[in-house]
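Work through the exercises below with the model open. Try each task before reading its solution.

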Amino acid sequence: MITISAFRWVPDFARGQVRDLRVRWALEEAGLPYRTRLLEPGDQDKPEYRALQPFGQVPIFQEDDFVLFETGAIILYLGERSEALLPKEPHARARAMQWVVAALNSIEPFVMNVALIDVLYKDQEWAKLRRPGAVEFVKKRLASLSKALGDKPYFDGDRFTAGDLVMATVLRALPETDIVTGDPRLAAYVERCTARPAFRRALDAQLGDFRKAA
Ligand SMILES: N[C@@H](CCC(=O)N[C@@H](CS)C(=O)NCC(=O)O)C(=O)O
């Protein structure tokens, strides 16, 4: 049975955002059943967990004695098992992988830069000075992303892939701002991706785990 790690408790702002969500979503798209291993405070720093995830983060993916960390790697691995995530045709597959990497490497760091300022540091003087520049940069990057999407429903055309799954989770990370939603094309794209039944099931499952722990 596939097991993924997740936190038993996180503050409200992180509920629906913790990165096990994207792996749950990928598993739902692939139709692969899974269970969660919920970490208690402190578990992430125990040597046993660090041996599996060197940075003490969630999620990890475990199946029998195979363990994988980093959501990008996990989702690409699941893509090997399901065409719902990665198309079989080699070029389409490579393009889908390209969008996974673009989401994680060219978009997420800049989105998270603003998200961290807003969530963790917003009252600090340095954050007030830094935020406008960080917002300006991410908006510029998102404008290029929006242009690349154009009038297509998904980044590689008509077909949803793992690239869209990861991109949509990255674009959801600024819910309190209009940085993404101010772009009607990206706003509609996130809506389209997150309206998928597999996303709804994944989100319900993450929120359900937090509710059970309350
Ligand atoms: N690049 C990692 C990031 C994982 C990550 O940042 N996980 C967060 C939760 S969303 C976490 O475990 N944070 C706790 C920590 O870093 O100590 C991935 O995509 O798997």
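Two strands pair if DSSP finds at least two bridges between them. Strands (E, at least two residues) and helices (H or I, at least four) are DSSP runs, numbered from the N terminus. The model is predicted: local features need pLDDT of at least 70, side-chain atom pairs count only at pLDDT 80 or more, and totals for chains, interfaces and linings use all residues. Residue numbers start from 1 along each chain as its sequence is written.

**Exercise 1. The hairpin**

Describe how β3 and β4 pair and what joins them.

Step 1. Take β3 (residues 60–63) and β4 (residues 66–69): they pair in the antiparallel sense, over four bridges.
Step 2. Check one bridge: Q62 has V67 of β4 as its partner.
Step 3. Look at the turn. Two residues lie between the strands of this hairpin, and D64 in the turn has a positive phi of about 50 degrees.

**Exercise 2. The sheet**

In what order do the four strands of the open sheet run, and which are the edge strands?

Step 1. The order is β2-β1-β3-β4, with mixed pairing.
Step 2. β2 (34–39) and β4 each pair on one side only, which makes them the edge strands.
Step 3. From one strand to the next, the twist averages 25 degrees (axes are lines fitted to C-alpha atoms; angles run from 0 to 180 degrees between N-to-C directions).

**Exercise 3. Helix α6**

How many residues of α6 are buried, and what covers them?

Step 1. Apply the cut-off: buried means 20 or more other C-beta atoms within 10 Å of the residue's own, with C-beta atoms placed from the backbone.
Step 2. Count along α6 (residues 162–171): ten of its ten residues are buried. Among them are D164, M167 and T169.
Step 3. Find the cover. It includes α1 (20–30), α3 (71–81), α4 (90–120) and α7 (184–194).

**Exercise 4. Two domains**

Locate the domains and describe the side of domain 1 that touches domain 2.

Step 1. The bounds come from an automatic or database domain assignment. Domain 1 is 2–84 + 198–213, and domain 2 is 90–196.
Step 2. Their centres, taken over C-alpha atoms, are separated by 21 Å.
Step 3. Contact means C-beta atoms, placed from the backbone, within 7 Å. Domain 1 brings 13 residues to the contact and domain 2 brings twelve.
Step 4. On the domain 1 side, α1, α3 and α8 (197–213) each supply at least two residues. α1 gives the most, with five.

Methods
A residue is buried if 20 or more other C-beta atoms lie within 10 Å of its own, exposed if 12 or fewer, and partly exposed in between; C-beta atoms are placed from the backbone. Two residues are in contact if their C-beta atoms, placed from the backbone, lie within 7 Å. Ala, Val, Leu, Ile, Met, Phe, Trp, Tyr, Cys and Pro count as nonpolar, Asp, Glu, Lys and Arg as charged, and the others, Gly among them, as polar.
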